[in-house]
Structures are given as C-alpha cells and as structure tokens.
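Colleague: Could you take me slowly through one part of this protein, the salt bridges around a few charged side chains, and explain the terms as you go?

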Amino acid sequence: EKKTEEVVQKMISAASAENPAKQLEKGTFVLAFDVLANTPRGALSALALLAAQWKHFDESVLEDQVGKLMGKLAGHGMAREAGTLVELASKANLTFDDAALVNYVEVQTTSYDAMSAYRAFKFVQQLRDGSVPFECYSKTIQSLSIQTLSKVRGAGAVEWDLITTALSGVCNGSLSATTEQVRQLVEYLTSTMAKQGRNQEAVKILTLIERSVSDVDSSNLDYLTTCSFNNVMAGWMDYDASKKASAQFSHLKKHHEAGISHLKPDRVSYALVLRALSKRKDSANKAEDILGELLRLYDEFGTEDLKPDDGHFKSALIALKEEAPPDLVDRSMAMLTQMKKAGIVTEHFIFNFVMNSILTSSDQNKVARVMEVRQLMKEEGVKPNEVTHSMTLNACSTACPDDIEWALELALESITEARKSRVDLQVYASLVNALRHLLKDDTRRREKVASAAMRACRKDGFLNSKMMGQFQSLMHNGQNDSR
C-alpha cells in the first residue's frame, strides 16, 4: 500500500507539475482517490487532492468521492478530518447520501470531545431539514449513553430526547428503519442501562414501544425481543430487586400467551427468574413449578434455547433451602433425580449443596440420605472433593445407635478416600466430631482409632496445636475440648 501510494503521489505531481490545481483526467482523479484513501496518511492526501481538484468536476463525481472518503475516514477514526470534509462539501451544496452521514456521525463517536457525536447529529439534522437517518440516531444515542455514565453535563437529557424521538418516529411510521436496526438499538440500550443502574429507564423503553400498539395492529412489538426483556431482568437482579425481575418474566410470558410468538422466555429468562426466586424465602413452590415448566418445554420441543443446565437446578435448590419446608430433603432428592433423568452434567456444588440441606434438616436418617447422594455422584462420574468428605463425616456424627457400626465404617472409608485425593483441615475436624459421637462408649477402640487418625493428620501436614488438642481430648475422655 505504501509503494502504491508513492506511485500515485508521483503521478499526481507529474500531471500537475506547473499548477497543483491543474485539472486531472477524471480516471486519474478517481483512481488516485481510491488508492490514497486506504491508509490514514493517504486519506489526508486524498482530502487535499479533493480540495485542489474541487472546481474541475461536476457534482455527481464529487458526491461519489465524498461518500467514499467519508467511509474511509470513519474506518480510520479520523474525526477531525471528517469534519473538514463535511464543511467543504456543505459549502459547495453537495448532497450527502445516508451512508456518508451515518459514517460522519459514527466517526465523531471516536472523538475525545464527549458531545462531538451529538453536534454531528445536529449538523445532519440541519442539513436534512430534520429528516435524519435512523442509524444517525442510533450511533448518537449509543455515544450519549456512555457520556451519561461519565456524567457529562446535559448528556442524559439529550440522550433520552433522542431515544423517544427515534422510537416514537419508528412506531408511528415517520422514521424509516428496519426491524433489525430497531431491535439492535433496543437491546443495546436495555443492556447498557441495566449495567449502569438505570433500569427504570430501560423499562420505559419497552413501555414506549408497547404503548404504541393498538388492538388491531401489534406489529410494533416486533421491535422487542426476548433478549431486551432478559436485559431488564438481569438489571433488576444486579440491584437486588428480585420481585421486579419475576414480574418482568411474567410480563414476557403474557406477550407469548397473547400470540406474540417471538416473545417467549428462553433458557436465560428461566435462569434469571429462578435466580430471583432463590433470593426470597417464600418461593420454593414457585421455583419448582418454573423449573418443571422449563423441563417440560425442553422435553416437548428440544430446542437449544430451552435447554436446562445445572444453574437452573442450583437456583431452585437454593430457593427450596431458603424456605426450608418439612419435606426439604425429599424435594431436594427429587430434583437430583430430575437432573439425572434430563442428562444434565454437573460438578460437586449441586451434590454438596443437597448434602448440606440434608444436614441442616430435621431428617432423622441423615447418614442414609447423604449416602444416597454419594451414590448418585458415583453414577454420574463425579468424584468426591474435600467438602463432600466433610459432609459425609458430619452426617456420620448424627448416626442413631442402630447405625453406629455402619456409620463408623463409612467414616473410616471416607477419610481413607479423602487422603488419596483431596483432604484439608476441615475434613479432619469433621472426622474428630464423627469419632467422638460414634465411639463415645468404646474407650479402647476410640483411643486406638483416634491415635491412628492423629498420626495421619500429622503426616498430611494439618496437625496444628488446636487439632492436636482435639485429638488428645478425644483419646483421653471422648469430650470436646473447647480450647
């Protein structure tokens, strides 16, 4: 490109050696222009060439070259030079096509001047007597949304004025735009505003479009997408307004039930509403119903946008544990079974979480229940980690008299397995508590097992002074040493 540019520069110099403003052949002018504009340095030369040759060519040639150069300047991020080109062309009363105007506004968004894009928009508005291409609105609004976050004076009011003007114009037919262009702007705004903590404004955007719909014509709802609703839901979640997130989910469902086929909850919508419900203490039934609905829909349609994952189950399990109903354990185990049936792959967290729910419940058979979870883990190919082993040992410390020997065997198997893979201080602390309960009436065996466990703890590097005190207390009297 550099070599080609040098050749073109020499060609121009040779053609106008006596007078820099001497008219070039049209073909030479156009070719030189196209070559030069490909690099930032060359674009400057092209701009100078255009100024020098301006009077020699008719409007159609100039307008074509101005449009091309504006696109190149936008690509190079040359905002100031784009401004110079616009001034040059406007003085000559040239007509800009929509693409050139959009490129002009877009390149101004790269300027260090916060409100440069808005001034470019106002220039286009004046140039076109108010008839501004939708993409100019879109580029300017997106630039202003960033300036609003940066608290640039006046940016927020200007931004909202342009948003309402653009969307109202599209909805009433006075401003032309494709459905995809409007959707992209609405999705951008709802996402950006939600991240900025401006969720009320994001809701207003959806409402503005919804209110433009009549009983006989609902076509404007085509401008809304499931993604735009999800953006608002996510925004409410980030600001701990879980009830509002749930309400937005219900609102989306109503659109679909009313026959707006493209507005339907997807797997992201379900994940967000389940996450919202997990933050409330009275939502276990609702969470289970919504999870069940997602599973049924996926079973019926099998589409990727409805495919559940372990995150959906995690949120439902948290909602269940938050409410802590009497049948917490049975319902938690049922969810694990559902997850297995649906073929959903998960890691330790879900299984460990259910174990924790078992341990904090009023279930009288915690050991057996925890071992059920361990069996499901084994069937799914998930190896226990240190938390799993600690939970297992904690369950053993609750064993009833009839299960003492079985629980002791499980405890010793668990610590042996943990030492082969992942063990930590908490696992040994749980082991001490389990042995204290399981061997409280068997002094001889308690001393022997505790002594062996302490040696293992020392070998693994976890025998600090506190743990040593716990082991010694266990060996001597089976009581808990609070020190």
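Modeller: What follows is a close look at a few salt bridges and the helices that hold their partners. This is a predicted model, in which local features need pLDDT of at least 70 and side-chain atom pairs count only at pLDDT 80 or more, while totals for chains, interfaces and linings use all residues. Residues are numbered from 1 along each chain as its sequence is written, and side-chain values use heavy atoms, with hydrogens and water left out.

The protein has 24 helices and 0 strands, where helices (H or I, at least four residues) and strands (E, at least two) are DSSP runs numbered from the N terminus. Side chains of opposite charge can pair when their charged atoms come close. A salt bridge here is a side-chain nitrogen of Lys or Arg within 4 Å of a carboxyl oxygen of Asp or Glu, and by this rule there are 20 salt bridges.

One of them joins Glu 386 and Arg 422, at 3.0 Å from N to O. Glu 386 lies in helix 20 (residues 386–396) and Arg 422 in the loop between helix 21 (404–420) and helix 22 (425–438), so this pair ties together parts that are 36 residues apart in sequence. Buried means under 20% relative accessible area, exposed over 50%, and partly exposed in between (1.4 Å probe, protein chains only); Glu 386, at 19%, counts as buried, whereas Arg 422, at 45%, is partly exposed.

Arg 445 forms a salt bridge with Glu 405, their closest N and O atoms being 2.7 Å apart. This pair links distant parts of the chain, with Arg 445 in helix 23 (residues 443–459) and Glu 405 in helix 21, 40 residues apart. Arg 445 also meets Asp 442 in a salt bridge, at 3.2 Å from N to O.
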